[in-house]
Structure formats: structure tokens, C-alpha cells
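Please open the model in your viewer and keep the sequence panel beside it. The tour goes from one selection to the next and says what is to be found at each stop.

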Amino acid sequence: MKINNNNIFPVQEKNLEKISIVFSIIYILWSVLILFLLVQNIYSIKSATLEIARTFGRESFRKDLLYRRWNSMLGSVYGEICETNSPNPYLITDEKNIITPHGLKLTKINPAYMTRQVHELGLLDSNIVGHITSLNPIRPQNKADDWEVSALKKFESGQSEVAEITKTESHNVFRYMAPLYVEKSCLNCHGRQGYQTGQVRGGISISYSIALFDSYRKAATLRTFFSFSAIWLIGGLGLLYGHSRTMKLVKKYNDLSNRIISNEKQYRTLFENMVSGCMVLSSKGSDFIIKAINRQALSIENMDNQDLVGKSVKVIINEQVDKDLLISMEMVDSSGDDLTIPEIYFDNGHVAGWRKYQFFKLKTGELVVVYMDVSEEYKKEMNLNILKQAVEQSTSLIGITDKNGNLSYVNSTFLATTEYTWDELVGKNTRILKSGEQPHEFYKNLWKTITDGETWSGEFHNKTKSGKLYWEAANISPIFDK
Ligand code: HEC
């Protein structure tokens with residue numbers, strides 16, 4: 001029989017293992033995710049570093065271009081001839097070298113010459129190397145190296161810039177290069193080489209050590225690494241805590257469910273072995289559904305459990321005949337107060353008899369009905385009552401004593417004749433009635449007859465409370481325990 005409808009089971013050992021496995025899988029997935037994000041971040045730091053390096057090269061080139069444009073815009077830029085500014089042997093032009101009225105010797109500085117001079121100056125205070133070059137150089141020293149040749153070829157096929165990390169023996173170098181296109185102003189000097197505007201005349205390459213940006217990259221990478229490690233660690237600790245917490249909760253749950261199960265077993269044993277019939281009902285609208293019924297109740301109802309659990313109580317209680325019971329149940333259910341019916345005649349067409357009912361409501365809302373069939377007791381009591389009345393109303397004196405002669409019952413005729421009250425006689429010895437007129441042997445003989453199991457017949461000469469003497473004929477029989 002089921003009393004508890006909730007299926008409570010403790011978590012099994014193998015399922016505990018499963019919980020641990022799930023936690024381990026989450027931990028692995030977490031670690032993979034963190035590792036993936038870390039690698040991704042380190043890559044983006046690296047590409048950001050390269051972007052900074054490229055921007056640096058682009059800016060440097062743009063400045064060169066600007067100064068060159070300024071130079072060719074002016075048409076002729078002159079500088080005093082000195083050690084670092086000797087006349088350019090490759091420049092073929094009018095008024096290449098001039099002398100001012102005051103005797104200052106000047107030479108014309110073409111844009112490429114200027115760029116070279118600036119690049120040489122730059123080399124003195126930084127590690128940035130600039131180089132103006134062409135696939136078809138006027139000045140042989142301006143010849144392009146292998147990397148520059150490939151970059152220039154790319155420009156001719158339309159690419160606008162090339163930026164790359166290249167390796168030398170000692171360190172990594174970042175190289176940036178962009179093209180110089182032939183403009184109208186260039187044709188004065190380069191026109192004779194057959195160039196037309198828009199063509200790639202050459203380019204300027206800039207090389208600088210990647211170490212310039214590496215410190216930024218390293219610091220950012222390290223910071224990212226530590227941040228992700230911390231996140232990974234916190235997540236891991238969280239999972240570990242979650243796991244131990246879950247295990248504790250499961251253990252608690254197991255303890256509790258084991259307790260509930262053993263409680264339920266105890267309750268069932270108690271329920272099944274009650275001497276009274278017992279039903280647990282739950283109210284449903286104006287009806288009551290049987291949730292549980294014990295063996296004793298089934299035997300009282302002369303029914304089988306299979307037929308009853310889950311059904312309306314009206315299967316047992318006849319709605320017309322046993323209406324009072326249903327009303328009592330409704331009362332207890334709505335008020336919550338206990339109710340006892342000491343005697344009620346029950347008849348549902350299947351079984352009938354006198355019954356004793358007790359109703360009470362559980363905190364959980366169910367109604368409990370405890371009852372007994374008291375038909376037998378009822379019958380006995382009825383018989384006893386009749387007998388008692390017969391004895392009581394008899395005109396003979398009737399008394400009952402124990403084997404020592406102590407009175408335990410006397411009828412009203414006994415009281416009336418002896419003039420004593422009930423309290424004055426019951427519990428007292430029959431000696432109280434002796435007149436003293438009869439010899440000791442008389443009584444000895446009486447007791448002997450009784451203790452031998454025989455009935456004694458004779459006449460007593462007794463005395464009332466007020467001292468009146470009277471004769472009485474008596475039959476005294478022993479009563480034996482069954
Ligand atoms: C005043 C004359 C003059 C003008 C204008 C001029 N160049 Fe030049 N350029 C030269 C001479 C001379 C050289 C070669 C020697 C040197 O390095 O100075 C040269 C060299 C170069 C080089 C280096 C490769 C090589 O041939 O040695 C490039 C590239 C170049 N010029 C591009 C240009 C462009 C582009 C323009 C127009 C914006 C331009 N030049 C305008 C005279 C000129």
C-alpha cells in the first residue's frame with residue numbers, strides 16, 4: 001500500500017559519479033574556452049601591433065612625399081655647396097650651379113637628392129632607414145634590393161603599399177614601402193626617360209626594428225595572459241565549490257530521503273497493524289477519495305484493496321443510509337476539529353453492524369477515519385444490561401464477594417434489608433452482617449462447601465445496621481474464572 005505519493009529515492013552511487021563527470025566536462029569545456037579566447041586575444045594584440053607599425057611607416061612616407069611635393073612645386077631649390085651638399089652629378093639641368101652676386105656658391109637640389117639627404121640625417125639619430133629607389137634608377141646606388149624589387153613590381157600591378165616583417169640575422173625588421181607616381185612636375189627631369197604621368201616612377205622604403213613596438217606587444221600579451229589565468233582560476237574554483245556544494249546537498253537529500261523512507265515504513269507497519277480500521281481520505285469537491293486503507297478496515301468492510309484506493313469513499317459508505325457519516329466527514333474537513341461517534345449503526349448493503357468512528361484532519365489536509373466494528377461488544381453489553389436489571393430488580397438479596405468474603409456487589413433488596421448504603425457495604429467483609437448467634441463451625445462448614453466447588457444452602461441469622469436480627473435463607477455458589 002502506498003501512503004506517500006511522492007516517489008522519493010536516494011541518489012545512487014553511480015549517479016553521484018555521473019555528477020562528478022558532468023562537473024569535469026564543464027571544467028574541461030571552460031578551460032578550452034578560456035584557452036581559445038586567450039589565443040585569440042594574443043593574436044589580436046599581435047595584429048594590432050603590426051597595424052601600429054604599418055601606420056608608423058605610412059606616416060613617415062607621407063611626410064617624405066609632402067616635402068618632395070614642396071620641392072618640385074618650387075621648381076628649383078638651391079643649397080650652399082658644402083661637404084654634405086655637393087652638386088648632384090646625375091642632375092642634368094640649366095643653372096645647376098649658380099654664384100650669387102656676393103659670391104655664395106649654390107647648387108640645385110632635386111627632390112630625390114633632398115630625400116636622400118634627409119634620410120641620411122634621420123639615420124644619425126634613429127634606427128629608421130629610408131631608401132628612395134626605382135626599378136630603373138638614374139643613380140646606380142639607388143638600385144632596389146630584392147624585397148624592394150618585388151614590392152615595386154606589386155605597385156606596377158596596382159598595389160598601393162607593402163608592409164612586412166622581414167628577418168635579418170640579428171633581429172626582426174619591419175619594412176614599409178609605397179610608390180611614387182609620375183606627376184606633371186616630374187616630367188621636367190624624368191620626361192627624357194620616357195615616363196608619362198601616372199606611371200610608377202619608383203618608391204620609398206622605410207625599415208625599422210620591430211623592437212620599437214615589441215615592448216608594447218609583450219606587456220599587453222602578459223597582461224592578457226594574467227587576466228585570463230585569473231578568470232580561468234576563479235571559474236575553476238567556482239566549479240570546485242559548486243561540485244562540493246552539490247555533493248553535500250545530494251548527501252543531505254539522501255539522508256533525508258532515507259529517513260522519509262524508513263519513517264514511511266514505520267508508519268505503514270503501524271497503519272497496517274492497527275487494531276482499528278483506518279482510512280486516509282482526501283477531499284475532492286464534495287466527495288472524499290480513498291488514498292489509503294489498512295488491512296483491518298478491509299476486513300471490516302469485507303473488501304479487497306484493489307477495488308478501493310483512488311476511488312470515492314461512497315464505494316463503502318452508502319450515500320442514503322449512512323448519510324450521517326458523510327456529513328460528519330464534511331464537518332471535520334471544513335472545521336479541522338476532531339470528532340468521535342461512539343455508536344452508529346452502519347449498513348451499506350454489503351456489510352452491516354454497530355460501529356465506533358473517530359475523525360480527524362491531518363496538517364497536510366487529509367482526513368483520517370479510524371473505526372471499529374463494535375457489534376459483538378454492543379450485543380454483550382445489551383445482554384449484560386438485561387441481566388443486571390434482573391438481578392437489581394430481584395426481590396431476593398443478591399450479593400457477590402471475593403474468596404475472602406469481601407463484598408463487590410449487592411442488589412437493592414440486599415441494601416434495603418440490611419439497611420446499609422452501597423458505599424457502606426461494597427468493599428467490606430460479610431462479617432459486618434454477622435449477628436454472632438451462629439457458631440464458628442457453621443461458617444467453617446459454609447466456606448469448606450464453597451471452596452470445594454459446591455453450592456451451600458442454609459439459613460443465616462444476621463443483623464441489620466440498626467441491630468435488628470433477621471433470618472434469611474441463602475444459597476451461596478462459587479464463581480470460577482473462565
Ligand atoms: C629637377 C629634376 C627632377 C625633378 C623635377 C624630379 N626628379 Fe626625380 N630624380 C632626378 C635625378 C637627377 C635623379 C637621380 C639621382 C638622385 O638620386 O638624385 C632622380 C631620382 C629619382 C628617383 C630615384 C631613382 C633613380 O632614378 O635614381 C625617383 C623615384 C624619382 N626621381 C622620382 C621623381 C618623381 C616622382 C618626381 C616628380 C614628383 C621627380 N623625381 C621629380 C631629378 C628630378
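What follows is a walk through the ligand shell, a pair of helices, a sheet and several hairpins.

Before selecting anything, note that residues are numbered from 1 along each chain as its sequence is written. This is a predicted model, in which local features need pLDDT of at least 70 and side-chain atom pairs count only at pLDDT 80 or more, while totals for chains, interfaces and linings use all residues.

**The ligand**

Begin by selecting the ligand and the 27 residues around it, a residue being near a molecule if its C-beta atom, placed from the backbone, lies within 6 Å of it. Those that come nearest are Ala112, Asn142, Cys186, Cys189 and Gly202. Two or more residues of this shell are given by each of helix H2 (111-125), strand E4 (129-133), helix H4 (187-190) and strand E7 (200-209); here helices (H or I, at least four residues) and strands (E, at least two) are DSSP runs, numbered from the N terminus. The largest share, four residues, comes from H2. If you colour the shell by class, you will find twelve nonpolar, eleven polar and four charged residues, where Ala, Val, Leu, Ile, Met, Phe, Trp, Tyr, Cys and Pro count as nonpolar, Asp, Glu, Lys and Arg as charged, and the others, Gly among them, as polar.

**Helices H1 and H2**

Keep H2 displayed and add helix H1 (residues 13-74), whose axis comes within 9 Å of that of H2 and crosses it at roughly 140°. Axes are lines fitted to C-alpha atoms, for helices over the stretch in contact, and angles run from 0 to 180 degrees between N-to-C directions. H1 is therefore oblique to H2, since angles under 35 degrees count as roughly parallel, over 145 as roughly antiparallel, 65 to 115 as roughly perpendicular and the rest as oblique. To see the contact itself, select Asp64, Tyr67, Arg68, Asn71 and Ser72 in H1, which meet Pro111, Met114, Thr115 and Val118 in H2; two residues are in contact if their C-beta atoms, placed from the backbone, lie within 7 Å. The residues of this contact divide into four nonpolar, three polar and two charged.

**A sheet of three strands**

Next, show the open sheet with the order E1-E3-E2 and antiparallel pairing, for which two strands pair if DSSP finds at least two bridges between them. Its edge strands are E1 (78-80) and E2 (97-99), each pairing on one side only, and the twist averages 35° from one strand to the next. Three bridges join E1 to E3 (residues 105-108), and glutamate 80 has leucine 106 in E3 as its bridge partner.

**The hairpins**

Move on to E5 (residues 162-167) and E6 (residues 172-181), antiparallel strands joined by six bridges that form a hairpin with four residues between them. Valine 162 stands opposite methionine 177 in E6.

Then select E8 (residues 277-284) and E9 (residues 287-293), which run antiparallel and are joined by six bridges. Two residues lie between these strands, and glycine 285 in this hairpin takes a positive phi near 65°.

Finish at E11 (residues 352-361), which pairs with E10 (residues 339-347) in the antiparallel sense over seven bridges and is joined to antiparallel E12 (residues 367-373) by seven bridges. Centre the view on arginine 355 in E11: isoleucine 344 stands opposite this residue, and aspartate 373 in E12 is its bridge partner.
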